[in-house]
Amino acid sequence: GMYLLAYVVLLRLFIPDRYVMYTINLYYCVLLAIAFHALWARCGRKRVAGVCLVAAAMLAGVYRLDNVGVTDYSADKALCDALAVTPPSTRVAAHPWLADNILTFGRRNVVVSYELAHPWSVNYWREIETRLSDFFDAYYAHDPAIVRAFCRKYAVDILVVDRRHYDPAFISDTPFFAPFDSRIRALAARDGEFCLVSSNGFSSIRINGNQELIDARSIMSDGVTTDKEKAGSR
């Protein structure tokens with residue numbers, strides 16, 4: 001009921017459909033168990049009847065899932081393999097959609113990931129919202145000082161850059177869920193090059209034609225000092 005109310009009335013309220021999806025699956029299990037129990041009782045609780053019911057359920061499930069594919073994550077295999085050989089304490093900053101695979105397959109901690117970026121509670125969301133805002137400010141920054149400040153604040157060791165995320169078509173479509181999509185477009189609309197994909201001299205390792213790893217230490221010591229940083233140091 002709350003999900004439907006949010007969907008119909010409060011369109012700005014983000015409630016993942018998994019709240020309903022998982023609950024419905026549980027209802028399916030309970031209702032099937034009740035139905036199986038009724039059939040088993042009608043058949044005199046014979047062992048053969050129980051085996052037949054389980055077998056029938058298994059065959060129905062096989063038929064239902066025939067030709068149903070699973071998500072293919074092999075496109076990020078090289079990236080995850082490269083991160084898996086870094087020290088276990090390495091902290092990675094990447095686009096939240098990539099960060100999910102880094103957590104799962106690269107087995108490295110990330111600043112923020114998509115699956116863990118949902119507002120499960122008010123205080124939790126305050127923290128995650130800040131992390132998302134800071135990350136996108138750095139990811140689409142035109143000033144190296146913003147990237148340095150982000151790396152210091154979150155003790156980042158490696159930044160993962162995917163050049164496809166800077167494509168105008170990607171940015172104009174759905175670069176992330178609201179309200180960060182409009183924030184990203186506003187950042188991208190500013191004058192100047194994105195410092196993470198420009199010829200900045202940062203120490204990086206190219207994974208493939210689109211992805212690369214940037215060593216945060218090179219960002220800290222690239223020798224480029226902006227007027228804003230000079231004013232801050234004074």
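**Close-up 1. Helix α6 packs against helix α9 in this predicted model.** Here we meet two helices: α6 covers residues 122-139 and α9 covers residues 180-188. Their axes lie 10 Å apart and make an angle of about 25 degrees. Because angles under 35 degrees count as roughly parallel, α6 is described as roughly parallel to α9. The crossing of α6 past α9 is right-handed.

**Close-up 2. Side by side, α6 and α9 meet through residues from both helices.** From α6, the contact takes in Trp125, Glu129, Leu132, Ser133, Phe136 and Asp137. On the α9 side, look for Phe180, Arg183, Ile184 and Leu187. Sorted by class, the contact between α6 and α9 has six nonpolar residues, three charged ones and one polar one.

**Close-up 3. The second largest pocket has a volume of about 150 Å³.** To find your way around its lining, start with Ala82, Thr86 and Ile158, which are among the lining residues. Further along the chain, the lining also includes Ser203, Ser204, Ile205, Ile207, Leu213, Ile214 and Asp215. By class, the lining of this pocket divides into six nonpolar, three polar and one charged residue.

**Close-up 4. Strands β4 and β5 help to line the second largest pocket.** The elements that give two or more residues to this lining are β4, residues 204-206, and β5, residues 211-215. Which element gives the largest share of the lining? That is β5, with three residues.

Definitions and conventions. Residues are numbered from 1 along each chain as its sequence is written. This is a predicted model: local features need pLDDT of at least 70, side-chain atom pairs count only at pLDDT 80 or more; totals for chains, interfaces and linings use all residues. Side-chain values use heavy atoms; hydrogens and water are left out. Axes are lines fitted to C-alpha atoms, for helices over the stretch in contact, and angles run from 0 to 180 degrees between N-to-C directions. Helices (H or I, at least four residues) and strands (E, at least two) are DSSP runs, numbered from the N terminus. Angles under 35 degrees count as roughly parallel, over 145 as roughly antiparallel, 65 to 115 as roughly perpendicular and the rest as oblique. A crossing is left-handed if the near helix is turned anticlockwise from the far one by less than a right angle, and right-handed if clockwise. Contact means heavy atoms within 4.5 Å. Ala, Val, Leu, Ile, Met, Phe, Trp, Tyr, Cys and Pro count as nonpolar, Asp, Glu, Lys and Arg as charged, and the others, Gly among them, as polar. On a 1 Å grid over the protein atoms alone, a cavity is a set of points where a 1.4 Å probe fits but cannot get out, and a pocket is an open set with protein on both sides within 12 Å along at least five of seven lines; lining residues have an atom within 4 Å of a point. Grid points are joined across faces, edges and corners, and a volume is the space filled by probe spheres set on the points.
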